[in-house]
Amino acid sequence: MSQQSDLFYSTKERITLTSPTELDQASGYLWNKKMLLQVNCAGYVKSQYMQHDASKYSYGPNIEAKTFMMPEQEFYAHHPGRFFYIKEENKDSLISIPFAPVKSQLESFEFSVGQNDICWRIKHGGLKYKISLQLAKEDVVELWSLKIINQTNKVKKINVYPYFSIGYMSWMNQSASFSSELNGIIASSIAPYQKTEDYYKQKDFKDLTFLLSNKKIDSYCAQLAAFEGTNGLHNPEALKQEILNNDSANYQTPAAILHHHIEINPKKETQLNYLFGPAKDIEDVKQFKRFYFEQNETASSKLKFDAFKTASMTGPDVLQIETPDPDFDRFVNQWLPRQVYYHGRVNRMTSDPQTRNYLQDNLGMCYLDSNATRHALVKALSQQFRSGAMPDGILLNPKAELKYINQIPHTDHCVWLPLLLEVYLDEMNDYQLLEEKIPYADCSDRHTVREHIERSIIWLVNARDERGLSYIEQGDWCDPMNMVGVKGIGVSSWLSVATAYSLNVWAKICRQSGKEDKAEDLIEKAQEINKAVNDYCWIDGWYARGITDNGRVFGTSDDEEGKIYLNPQSWAMLSGAADSVKMNQLLEAIEANLETPDGVMMLAPSYTQMVEDIGRITQKFPGVAENGSVYNHAAAFYAYSLYQQNYSDKAFRVLRTMIPDGSNIERRGQLPLFVPNYYRGAYHQLPEVAGRSSQLINTGTTAWYYRCVIENLCGLKGSQGDLLVNPQLPSHWNIMQVTRRFKEATFNMQVERDENVVSQQVYLDNKLLDTAKVTNIQPGKEYQLRVLIPIVNENKFV
Ligand code: CEZ
């Protein structure tokens, strides 16, 4: 166990917060392939599940907009949650655990997040409470357990009132009542609709929400208003008396409140289990009751539900590191692969993930489950158009439709195809994939993957103006940059260098798959694009962000706001546009304008007013999301580009700064168990909120972060079936141990600095290798690697 601050401590697989108030936005997340819960330390819960598309079963107290997951969603008194009111018999004192809604001082509090469960340990009034939450393996069901231990020498008589939010379900039809047969609250609704055809679309919707208990209840309340009365949830009217009024909700906002009167003998304990979730009909609920309660040997006794019935959120164990930085190790070994796996398995809880997100999330998944990546690549290419263009979103099921941002034309989606293919081929050496035949979205001709990629490359090369710069239309990687090229003239410097980089990557793949001639053409074209970017976008020491429909170059020192953007700089390093002179200049410009203690901002200064020839990005609150936050996805690109140029210390600092630790956790407001999509930026404009976490776990950062760690920091990168060995340690590390699974073999690597070596030496099973690569790798075999690297005189990682 390492105590990283008096607020939290970590063990190998858990992070535990010891205060419900010091980090009040702190949360953990649990998921299975159909549902996602973000659970806050006080008991508030954001829950959603997939039916055709993201849906809810526990809502706020009034109609909620159906939209994609948002950053910085604050909690409020009626925010949905899972709470247990506790009242000792004949005593007025009322508490609620884990903390909200009563929020009274508790004697001791722990919020502990594990890989596959979340639990709370609370002591108060001579009783010890352990609340545990797991998710079902496949079903959309929350599995809750509450264990109460009487630590006193007297019999304890208490009333327990689990309050699980249901909220405002539907303006068409909502109600709730108690089912004695199921021993629980059943709330039912009709998902609102007006178009006739929607009736048939949603006939099989799970419009019921249920809360079942495995212990006979004494009374209940299924109506929010009746429970709360005029007092509010911190002191509900209904709890003025011991027995609840057994209120139903009849087109009134439902709630699920049960009541158990319990007597616990001295030093004895009792255990209560609950199932909560959506269902299509009563039969569905009965089935869950049978499966999770009746057929669950352990339900009545032990805290946990049968392991085979609960979700596991950790992918295969492919990488373990041990370095001088245990907090970093814990994050890389446990929490990062868990977040990468979540993205690859859950697709950000949508049925039409944005194409760039889908491809990048599967880039990360390639290290954990390369078959899933192969499947995703084939699926994405089968939705490509014959023209070579890629859609803005990938439809994951026959009923899926392109929604929200996927209805706005973005021009970058083809760029990510060769990048994903490169990681897949390096990891799996599966060049046969290039010959696999796949149809198009708008044509049944089946062409090879190679042909599909060729068409996407031609599409990218043709989507450029007379200067050779890439059109941006209503956005590139930056979604809300929607007015630079809305007239079809404006261009993006980022997309231009990204296109050049993508061409170079495809050239490498062509060279590796015997298409030498193609490779030459591609590299030439990439150089042509790099030249155009240098000719038109290199201004005063860094790359501008683009040129608008009216020919205004923006993202330069001439701009008051949005002077410099990070992405064009890092990708110009990747594409080869930036030679060493320009690289030094742009790195200085980044250091001077974008670097902050919380990380590298994606642009600065943040916009404080609308700029009509740039667009929506300038209307976002300064320092939030794309408008100058520390947008970790962009920072991860920067780290990757720095590693390619051997700026290992700078790259490691960018990665290390993304993980909250004792020195900045209060500022960031989250536990080090995920990388959020951003930390507040606008560091020089709004320092008081800079560094604040968006708390949003959906981010393309994780794929690139994992790639940087595996291929650069550890330097164990696949190449045509071999494993290249070239670790890039930060200069303040003298040693590192790594275990990596690659091509079903295990590589144990020890890296150490040695004053007798001037350049890296690689020993395989104690034999010095001529070249730093392991060839002829045998599946199932275990390999010992020892890498000696020079001592660094100057520790550049300060
Ligand atoms: O969505 C992300 C996208 O999922 O924004 C990134 C983009 O590369 C990702 O593909 C950068 O723009 O529409 C908006 O204003 C939102 O800001 C989305 O752009 C943003 C969501 O907030 C999720 O972060």
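Q: How many Å lie between an oxygen atom of the ligand and an N or O atom in the side chain of Lys 620?
A: Let's start at the ligand in this predicted model. Lys 620 is among the residues that come nearest to the ligand, together with Gln 354, Asn 357, Trp 477 and Glu 626. From an N or O atom in the Lys 620 side chain to an oxygen atom of the ligand, the distance is 2.5 Å.

Q: What share of the ligand's exposed area does the protein bury?
A: Asn 357 also has a side-chain N or O atom 2.6 Å from an oxygen atom of the ligand, and for Tyr 631 the distance is 3.1 Å. Taken alone, the ligand exposes 490 Å². Of that area, the protein buries 92%.

Q: How do the residues of the shell around the ligand divide into nonpolar, polar and charged?
A: There are 15 residues around the ligand. Sorting that shell by residue type gives three polar residues, with the others being six nonpolar and six charged.

Q: Which strands are the edge strands of the open sheet of four strands?
A: Here it helps to read the strand order, which is β4-β5-β6-β7 with antiparallel pairing. An edge strand of this sheet pairs on one side only. That description fits β4 (27-32) and β7 (53-55).

Q: Which helix packs on this sheet?
A: From one strand to the next, the sheet's twist averages 20°. The helix in question touches β4 and β5 (35-40), and its direction makes about 40° with that of β4. It spans residues 326-346 and is called α4.

Q: Which residue in β7 is the bridge partner of Gln 51?
A: Strand β6 covers residues 45-51. It runs antiparallel to β7, and three bridges join the two. Within β7, Gln 51 has as its bridge partner Asp 53.

Q: Why is one side of β9 and of β18 left without a neighbour in the sheet?
A: These strands belong to an open, antiparallel sheet of five strands, ordered β9-β8-β14-β20-β18. β9 (94-97) and β18 (219-223) stand at the edges, so the reason is that each has a single partner strand.

Q: By how much are neighbouring strands of this five-stranded sheet turned against each other on average?
A: The order to keep in mind is β9-β8-β14-β20-β18. With direction ignored, the average turn between neighbouring strands is 20°.

Q: Which residue in β14 is the bridge partner of Glu 88?
A: Strand β8 takes in residues 82-88, and strand β14 takes in residues 156-165. The two run antiparallel and are joined by seven bridges. Glu 88 has as its bridge partner in β14 Ile 158.

Q: What is omega for the cis peptide bond that joins Ile 97 and Pro 98?
A: Most peptide bonds are trans. Pro 98 lies in the loop between β9 and β10 (108-113). The bond joining Ile 97 to Pro 98 is cis, with an omega of about 10°.

Q: What is omega for the cis peptide bond from Ala 604 to Pro 605?
A: Pro 605 is found in the loop between β34 (603-604) and β35 (630-631). The bond leading to Pro 605 from Ala 604 is cis, and its omega is near -15°.

Q: What is the phi of Glu 72?
A: Most residues other than glycine have a negative phi. Glu 72 sits in the loop between β7 and β8. Although Glu 72 is not a glycine, its phi is positive, at about 50°.

How values were computed. Residues are numbered from 1 along each chain as its sequence is written. This is a predicted model: local features need pLDDT of at least 70, side-chain atom pairs count only at pLDDT 80 or more; totals for chains, interfaces and linings use all residues. Side-chain values use heavy atoms; hydrogens and water are left out. A residue is near a molecule or strand if one of its heavy atoms lies within 4 Å of it. A polar contact is a pair of N or O atoms within 3.5 Å; within protein, one must be able to donate a hydrogen and the other to accept it, and residues adjacent in sequence count only if both atoms are side-chain atoms. Accessible areas come from the Shrake-Rupley method with a 1.4 Å probe; for residues, only the protein chains shown count as cover. Ala, Val, Leu, Ile, Met, Phe, Trp, Tyr, Cys and Pro count as nonpolar, Asp, Glu, Lys and Arg as charged, and the others, Gly among them, as polar. Two strands pair if DSSP finds at least two bridges between them. Axes are lines fitted to C-alpha atoms, for helices over the stretch in contact, and angles run from 0 to 180 degrees between N-to-C directions. Contact means heavy atoms within 4.5 Å.
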